Amino acid sequence: YGEKGEGDDSQFYQITNLPTVVINTKGAQEVTSKEEELSSVVYIVSEEGKKLLATEKTGVRGRGNASWNFPKKPYRLKFDEKQQLLDAPAKAKKWTLINNYGDKTLMRNILAFELSRRFGLAYTPYCHPVDVVLNGEYRGCYQLCDQIEVNKNRVNITEMEPEDVTLPELSGGYLIEVDAYASTEASHFYSTLGTPVTIKSPDDEDIVNAQTRYITDYFNRMENAVFASNFADPETGYRRYLDLDSFLKHFMVGEMSGNTDTYWSVYMTKDRESDKFFTGPVWDFDIAFDNDQRTYPIEAHTDYIFASKNSSVASEAMRQMVNRIVKEDDGARQRLLELWSEARNTKGIDETSLLEYVDKTVELLNESQKLNFLRWNILSERVHENPQASGSYEGEVAIVKNFIRKRLPQMDGFIGR
């Protein structure tokens, strides 16, 4: 058909400087379910088109709760074989594509995960911004992220086998989530104080009744210990069951980012090698950094954001549990001050460093955000919980930067008082 045109056919087409994720479902079916996986072929083009991952038999389905109701949908990928995507540390089958529809900076999760790394949580989920094309249609700028699951390079705890039902084996290998949506999950329980908890690992298909009974009882012990009269005693109180440092680091990420949803969803682990629950990883920050009309403006609050009656909690017991630890336990308050001071002085929790990170992320996202808002023309609209609509990407970024400038001294005052 004529002569070959001029051009460079030595590399694949990458839409912007970000990796391009191409998903082609069987028969070009639209993804309409969070339960039913569609068989798909998935390609990931990266390194300026010089690298290609091509897979077949990859399942794709919807994911998320409130985010699933947006026009720009979030997705979960499940590869037939474990894959190590881009520069992620984990090799795994399951990965998520976060849509960030209500976050017009497209970076609030990225920033919060950076806070998690700087505060020193044991594991911070991997995420990388990408462009997504579904069945030939550009769907926007997404974040390719870890699935929160047990994996040596994700949640690194010892998984139990189904036959491990002796008492010593029952003592560990759990990933749970204090989860306001727990009742929609197959494997869940309610604590004696009414806190809804989803059991993430062992999996629904593998968990046995003895394991469910064990982790339910152990969570109740921890929760009841927080509300006991001797709760603050380092030896006999709640610290027998809850690792304080991980709890406080998780708390600092949620509060520094002003995340209204911090205690709507809280991941915890219980390893076989420990008698304690560890808090983390952090997750879900699309309405953080002053992006929630229910708590905006956060600078006007005279107390921590978790204490606001407009913040989201899975149960009132969860709010009171946080209150007991960070306000009523003098030892925990002292430890919080130590961790915060260390982060402020040596871990990059300062205005200059954080704003530099924002600017770097803006540069990374700049090409893709332009296409994203051509596809989703919402910069002048308030969507989801937006308290305002700036009308420009630069205006949205300015909201985050102004929040950081004001939040740091506010947090200094809260923790130091």
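Let's start with the open sheet of this predicted model. Five strands, in the order β9-β10-β8-β11-β12, make up this open sheet, and their pairing is antiparallel. β9 (188-190) and β12 (277-279) sit at the edges with a single partner strand each, so one side of each has no neighbour in the sheet. Going from strand to neighbouring strand, the average turn is 30°, direction ignored.

At the β9 edge, β9 pairs with strand β10 (residues 196-201) in the antiparallel sense over 3 bridges. H188 is the residue that stands opposite T198 in β10. Which helix packs on this sheet? That would be α3 (residues 209-226), which touches β8 (174-179), β9, β10, β11 (265-270) and β12. The direction of α3 makes about 60° with that of β8.

**The barrel**

The other sheet closes on itself. Here 7 strands form a closed barrel that runs β1-β2-β3-β4-β5-β7-β6, with mixed pairing. The twist from one strand to the next averages 35°. As a general reminder, strands of a sheet pair through backbone hydrogen bonds, in either a parallel or an antiparallel way.

Several strand pairs of the barrel can be followed bridge by bridge. β1 and β2 are antiparallel partners over 6 bridges, and N24 has V41 in β2 as its bridge partner. β2 then pairs with strand β3 (residues 51-62), again in the antiparallel sense, over 8 bridges; in that pair S39 stands opposite G59 of β3. Further round, strand β5 (residues 92-98) and strand β7 (residues 137-146) pair in the antiparallel sense over 4 bridges, and L97 stands opposite L144 in β7. The barrel also has a helix against it: α7 (residues 351-375) packs on the sheet and touches β6 (127-134) and β7. The direction of α7 makes about 135° with that of β7.

**Helix against helix**

Two helix pairs are worth a look. The first is helix α1 (residues 108-119) with helix α4 (residues 244-256): their axes come within 9 Å and cross at roughly 145°. The crossing of α1 past α4 is right-handed. On the α1 side the contact is made by A112, L115, S116 and F119, and on the α4 side by K249, M252, V253 and M256. By class, that contact has 6 nonpolar, 1 polar and 1 charged residues.

The second pair is helix α6 (residues 330-346) with helix α8 (residues 393-416). They pack at an angle of about 155°, and their axes are 10 Å apart. How do α6 and α8 run relative to each other, roughly parallel or roughly antiparallel? Angles over 145 degrees count as roughly antiparallel, and α6 and α8 are therefore roughly antiparallel to each other. The crossing of α6 and α8 is left-handed. From α6, the contact uses L336, L337, W340 and R344; from α8, it uses L408, M411, D412, I415 and G416. Those residues divide into 6 nonpolar, 1 polar and 2 charged.

**Backbone oddities**

If you plan to check the backbone torsions, here is the background: most residues other than glycine have a negative phi, and most peptide bonds are trans. The table collects the residues and bonds that go the other way.

| Site | Feature | Value |
|---|---|---|
| G280 to P281 | cis peptide bond | omega near 5° |
| Y296 to P297 | cis peptide bond | omega near -10° |
| A28 | positive phi | phi near 55° |
| E47 | positive phi | phi near 55° |

Where do they sit? P281 lies in the loop between β12 and α5 (316-328), and P297 is found in the loop between β12 and α5 as well. A28 has its place in the loop between β1 (20-25) and β2 (38-46). E47 belongs to the hairpin of β2 and β3, which has 4 residues between the strands.

**The chain as a whole**

Zooming out, the chain has 8 helices and 12 strands. Its radius of gyration is 22 Å, close to the 22 Å that the globule rule gives for 417 residues, so the chain is as compact as a globular protein of that length. Taken along the principal axes, the C-alpha atoms fill a box of roughly 85 × 55 × 35 Å.

Terms used:
Residues numbered from 1 in each chain as written. Predicted model: local features only at pLDDT ≥ 70, side-chain atom pairs only at ≥ 80, totals over all residues. Heavy atoms only, no water. Pairing = 2+ DSSP bridges. Axes fitted to C-alpha atoms, helices over the stretch in contact; angles between N-to-C directions. Contact = heavy atoms within 4.5 Å. Left-handed = near helix turned anticlockwise from the far one by under 90°. Nonpolar A, V, L, I, M, F, W, Y, C, P; charged D, E, K, R; others polar. Parallel < 35°, antiparallel > 145°, perpendicular 65-115°, else oblique. Rg over C-alpha atoms; globule rule 2.2 N^0.38 Å.
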